[in-house]
Amino acid sequence: MKLILFSGLPGTGKSSLAEAVGRELGIPVYAKDWLEATLVSSGLISDNRHPSLGFTGYELLTLLAERQLKLSQSVILDCVASTESIRSRWRELAYQYKASWLVLEGVCADESLHRERLARRERNISGWYEIEWADVERVRAYYVPWDMPRLVLDSANSFEQNFTLALNYCL
């Protein structure tokens, strides 16, 4: 049983890789953006910049992860995971349920490529907005660098190469 986290700044390819690994391994993937989009489109939270939205999204991810682990099933979480507090909470959750804790961090070493990919990206999440470069810069300002073992995947490399690395790491 595993708790797998795909983390990193927006637009670094973590969602595409999380979904591909989830499909290949038969593990459900829960993405914070999808949860938050539902909260906004349902009217439970007024807009995608509401201060409580991020906290609520992380609480929902935690609940879903714990539910899977209680069922002795693996789970993949897809989100920025920008703070040490949420990372340590999930690490402790994995420990509590005797699950392997695996972290994959998406990066893009080539800023121009990162900007280009973000500009043409269309995720088609109903009721949600497409991330812009200003959003990446805003998140980068509070994103805490990882200080624990993880697999770093650079989206400047091919998807196939990163998928192979991610899959092997998660096996």
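User: In this predicted model, how many cavities of 30 Å³ or more are there?

Analyst: Rolling a probe the size of a water molecule over the atoms shows where empty space is left. In the predicted model, the largest cavity has a volume of about 30 Å³. With 30 Å³ or more as the rule, the count is one cavity.

User: Which element gives the most residues to the lining of the largest cavity?

Analyst: The lining includes Phe-6, Ser-7, Lys-14, Leu-17, Leu-104 and Glu-105. At least two lining residues come from each of β1 (2-8), α1 (14-25) and β4 (100-107). The element that gives the most, with three residues, is β4.

User: How do the residues lining the largest cavity divide into nonpolar, polar and charged?

Analyst: Among the lining residues are Leu-153, Thr-12, Gly-13 and Gly-106. For this division Gly is counted as polar, while Lys and Glu are counted as charged. The lining therefore divides into four nonpolar, four polar and two charged residues.

User: How many of the residues of β1 are buried?

Analyst: On one side of β1, Lys-2, Ile-4, Phe-6 and Gly-8 are buried. On the other side, Leu-3, Leu-5 and Ser-7 are buried as well, and both faces of the strand are covered. The number of buried residues in β1 is seven of seven.

User: How many bridges join β1 to β4?

Analyst: The two strands β1 and β4 run parallel. One of the contacts places Leu-5 with Val-103 of β4 as its bridge partner. The number of bridges that join β1 to β4 is seven.

User: Is Val-103 buried or exposed?

Analyst: Val-103 is found in strand β4, and its C-alpha atom is separated by 6.2 Å from that of Phe-6, 97 residues apart along the chain. The relative accessible area of Val-103 is 1%. Because the limit for a buried residue is under 20%, Val-103 is buried.

User: Which residue of β3 stands opposite Ile-4?

Analyst: Strands β1 and β3 pair in the parallel sense over four bridges. Within this pairing, Leu-3 stands opposite Val-75 of β3. The residue of β3 opposite Ile-4 is Ile-76.

User: What is the bridge partner of Val-29 in β3?

Analyst: Strand β2 (residues 29-31) pairs with β3 in the parallel sense, over three bridges. In strand β3 (residues 75-78), Val-75 and Leu-77 point one way, Ile-76 and Asp-78 point the other way, and all are buried. The bridge partner of Val-29 is Ile-76.

User: Is Thr-38 buried or partly exposed?

Analyst: Thr-38 has its place in helix α2. The buried residues of α2 (residues 32-41) are Lys-32, Leu-35, Glu-36, Ala-37, Leu-39 and Val-40. Because Thr-38 has a relative accessibility of 48% and the partly exposed class lies between 20% and 50%, Thr-38 is partly exposed.

User: How far apart in space are the C-alpha atoms of Thr-38 and Ile-125?

Analyst: Thr-38 belongs to helix α2. Along the sequence, Thr-38 and Ile-125 are 87 residues apart. In space, C-alpha to C-alpha, they are 9.2 Å apart.

User: What phi does Gly-43 take?

Analyst: Gly-43 comes just after α2. Its phi is positive, at about 85°.

User: What is the angle between the planes of Phe-159 and Phe-163?

Analyst: The structure holds two aromatic pairs. One of them is formed by Phe-159 and Phe-163, which are stacked with 6.2 Å centre to centre. Planes under 30 degrees apart count as stacked, and the angle between these planes is 10°.

User: Where do Phe-159 and Phe-163 lie, and which of the two is buried?

Analyst: Both residues lie in helix α7 (residues 159-170), four residues apart, about one turn of the helix. An α-helix has 3.6 residues a turn, so residues three or four places apart point the same way. Phe-159 is partly exposed at a relative accessible area of 38%. At 19% relative accessibility, the buried residue is Phe-163.

User: Over which ring does the charged end of Arg-87 sit?

Analyst: The charged end of Lys-32 sits over the ring of Tyr-58, 4.4 Å from its centre. For Arg-87, the distance from the charged end to the ring centre is 5.2 Å. The ring beneath Arg-87 is that of Tyr-143.

Methods: Residues numbered from 1 in each chain as written. Predicted model: local features only at pLDDT ≥ 70, side-chain atom pairs only at ≥ 80, totals over all residues. Heavy atoms only, no water. 1 Å grid on protein atoms, 1.4 Å probe; cavity = no way out; pocket = protein on both sides within 12 Å on 5 of 7 lines; lining within 4 Å. Points joined across faces, edges and corners; volume = space filled by probe spheres on them. Buried < 20%, exposed > 50% of the residue type's maximum accessible area, 1.4 Å probe, protein only. Pairing = 2+ DSSP bridges. Phe/Tyr/Trp six-rings, centres within 6.5 Å; stacked < 30°, edge-to-face > 60°. Lys NZ or Arg CZ within 6 Å of the ring centre and 35° of its normal.
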